[in-house]
Amino acid sequence: MQKMTTDQDLSLDGQPAAAVLAAKGVDVTPNKDQGVIKQVVKRAGIEGERPMIGDRVMVHYTGKLVNGKKFDCSRDRKEPFCFNVGKGQVLKAWDVGVMSMQRGEICTFLCKPEYAYGSAGNPDKIPPSSLVVFEMELLSFEGEILTEDGGIVRRIKVKGEGYTNPNDGASVDVHLEGSCGGRLFDCRDVSFTVGEAEDKGIPLGVDRAMDKMQKGECCLLYLKPKYGFGSEGKPEYKIGPDKDIIYEVTLKDFRKAKETWEMDLSEKLDLVDGVKNKGNQYFKSGRYHQAVIQYQRIISWLEMECGSGIEQQKRIQDYVLTAHLNLALCFLRIKEFSQAVDNCNKVIELDESNEKALYRRGEARLTCNEFSLAMADFQQVLQVNPSNRAARAQISICQSKIKEHHEQDKKIYANMFQKFAERDAKTGKTKRRRNDCLRSSMNGEVGLKRRRRSQECLS
């Protein structure tokens, strides 16, 4: 690319860039309306995948007017720019252009105003209805991470329609294709209720992704074992334990369930027992994540309800308490101890002497090495029920752990003090040697001066 100036058209191969790109470039717009013209002028990318809708991309870019005047550059800031492509977070030209690139590619895009800054332009930088040129480098891209632990990653192959998504309890019709290690193991059309996909042999990760999809969307879901078939695997599909799997999911249609705010209290109370029983079934079969979904549904329905009359209020509180207690137990099983503590705290706020909540909070704290707090919880359990043998046994464990912890601290500090003493002793020896050397040096210098003076004396 030749030097860009501000007093003449930006040039490629000695000719105006706009003319070169229009003649030699490729129209990458879906409608082929010449809105974004691309030319690879510096470096081709690594052959392989291109970004899909929703992918998190990292780019460097330089934006210039067709007269060569630079108006923005990520390299000047010494920081690449990140965004989710195809989501309308950036200029339309970027969404269109970046999805045509390969990793490592550096190319130039000539963009019409309707794909860039429009008829208004950008005050002080871009005149109204301006063609603009972007040089872009695609540094990297990755799928959209749907969970905090990175266990579900989505890449959208075909964008869905509209802006509505299936909600918890919605009925969905999907086409599924599951693969593991390049082998297709599941291919079917199936309908299920969001939150209950396990009933149809569908992994948790697919269930959890449904509320992010739109009708007609086709996406790839990359599932870690926690959201796939776990440590048990799936023998009927010949999938071993702890395997990553991929599901291609097409959402053909869905019917939303009533939202919480659309239901009156009597509707919620009529449904609670069924949802609770469903959660209990999942729990008993070891499907703790699925059980969590059911118990959380009860909380979302009833936590803010007051009820009318003492009897109904007590009924609501009992449902909420039971749901929190069951959630605490689920989180203990899946080792999410802070969540277990949070749910126990919710129960204790309503019933400070709840034996199960105190005990389960103690279990979570003990596992997190919070021995003193755990022991206090188990002691409170004994105050509520002095015959609780399990709590008494746990107190003994806490006392033993606290003693063991103190002994370890003593050893650590003893070793630390020993090391300090040894270091101080070495430092003292070094200082003494240095002082001895200094004295010796000074004595030598004095003697040398005396000898020099005697040599300089007249005979």
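A residue counts as exposed when its relative accessible area is over 50%, as buried when that value is under 20%, and as partly exposed in between. With these words in hand we can walk through the structure above, which is a predicted model.

The chain holds 10 helices and 15 strands, and of its 459 residues 43% count as buried. If we take the contacts between residues at least 6 apart in sequence, 63% of them join residues that are at least 24 apart.

A good place to begin is the open sheet of 6 strands, whose order is β10-β11-β14-β15-β12-β13 and whose pairing is antiparallel. The strands β10 (144–145) and β13 (183–193) stand at the edges, and because each has a single partner strand, one side of each is left without a neighbour in the sheet.

Moving inward from β10, we come to strand β11 (residues 152–158), which runs antiparallel to β14 and is joined to β14 by 6 bridges. One of the residues to look for here is V158, whose bridge partner in β14 is C218. On its other side β14, which spans residues 218–223, is joined by 6 bridges to strand β15 (residues 245–255), and these two strands also run antiparallel. Several pairs of residues let the reader trace this second pairing: C218 has T250 as its bridge partner in β15, C219 has V249, and Y222 stands opposite I246. C218 therefore helps us to follow the sheet across three strands, since its partner is V158 on the one hand and T250 in β15 on the other. Strand β14 is also mostly covered, for 5 of its 6 residues are buried.The next step across the sheet leads from β15 to strand β12 (residues 171–180), and these two strands pair in the antiparallel sense over 9 bridges. In this pairing L176 stands opposite V249 of β15, and V249 is also the bridge partner of C219. As a general point to keep in mind while looking at such a sheet, the side chains in a regular strand alternate between the two faces.

The loop between β14 and β15 deserves a separate look, as K238 lies in it. What is the phi of K238, a residue that is not a glycine? The phi of K238 is positive, at about 60°. Most residues other than glycine have a negative phi. K238 is exposed, because its relative accessible area is 73%, and a value over 50% is what the word requires.

A second residue of this kind is found in the loop between β3 (26–27) and β4 (36–43), where Q34 has its place. Q34 is not a glycine, yet Q34 has a positive phi of about 65°. Is Q34 buried, partly exposed or exposed? With a relative accessibility of 39%, Q34 counts as partly exposed, because this value falls between the cut-offs of 20% and 50%. Strand β4 itself contains K38, which has a relative accessibility of 11% and therefore counts as buried. Although K38 and G25 are 13 residues apart along the chain, their C-alpha atoms are separated by 5.0 Å.

From the strands we can turn to the helices, beginning with helix α6 (residues 310–333) and helix α7 (residues 337–350), whose axes come within 8 Å and cross at roughly 160°. This angle makes α6 roughly antiparallel to α7, because angles over 145 degrees are counted in that way. The crossing of α6 and α7 is left-handed. Among the residues of α6 that take part in the contact are V320, L321, H324, L325, A328 and F331, while those of α7 include F337, A340, N343, C344, V347 and L350. Divided by class, the residues of this contact are 12 nonpolar, 4 polar and 1 charged.

Helix α7 also packs with helix α8 (residues 355–367), at an angle of about 155° and with the axes 9 Å apart. That makes α7 roughly antiparallel to α8, and the crossing of α7 and α8 is left-handed. On the side of α7 the contact includes F337, A340, V341, C344, V347 and I348, and on the side of α8 it includes A357, L358, R360, R361, A364 and R365. This contact has 9 nonpolar, 2 polar and 3 charged residues.

Which residues of α7 should the reader find in the contact with α6? F337, A340, C344 and V347 are among them, and these residues of α7 also belong to the contact with α8.

Key
Residues are numbered from 1 along each chain as its sequence is written. This is a predicted model: local features need pLDDT of at least 70, side-chain atom pairs count only at pLDDT 80 or more; totals for chains, interfaces and linings use all residues. Side-chain values use heavy atoms; hydrogens and water are left out. Axes are lines fitted to C-alpha atoms, for helices over the stretch in contact, and angles run from 0 to 180 degrees between N-to-C directions. Helices (H or I, at least four residues) and strands (E, at least two) are DSSP runs, numbered from the N terminus. Angles under 35 degrees count as roughly parallel, over 145 as roughly antiparallel, 65 to 115 as roughly perpendicular and the rest as oblique. A crossing is left-handed if the near helix is turned anticlockwise from the far one by less than a right angle, and right-handed if clockwise. Contact means heavy atoms within 4.5 Å. Ala, Val, Leu, Ile, Met, Phe, Trp, Tyr, Cys and Pro count as nonpolar, Asp, Glu, Lys and Arg as charged, and the others, Gly among them, as polar. Two strands pair if DSSP finds at least two bridges between them. Buried means under 20% relative accessible area, exposed over 50%, partly exposed in between (1.4 Å probe, protein chains only).
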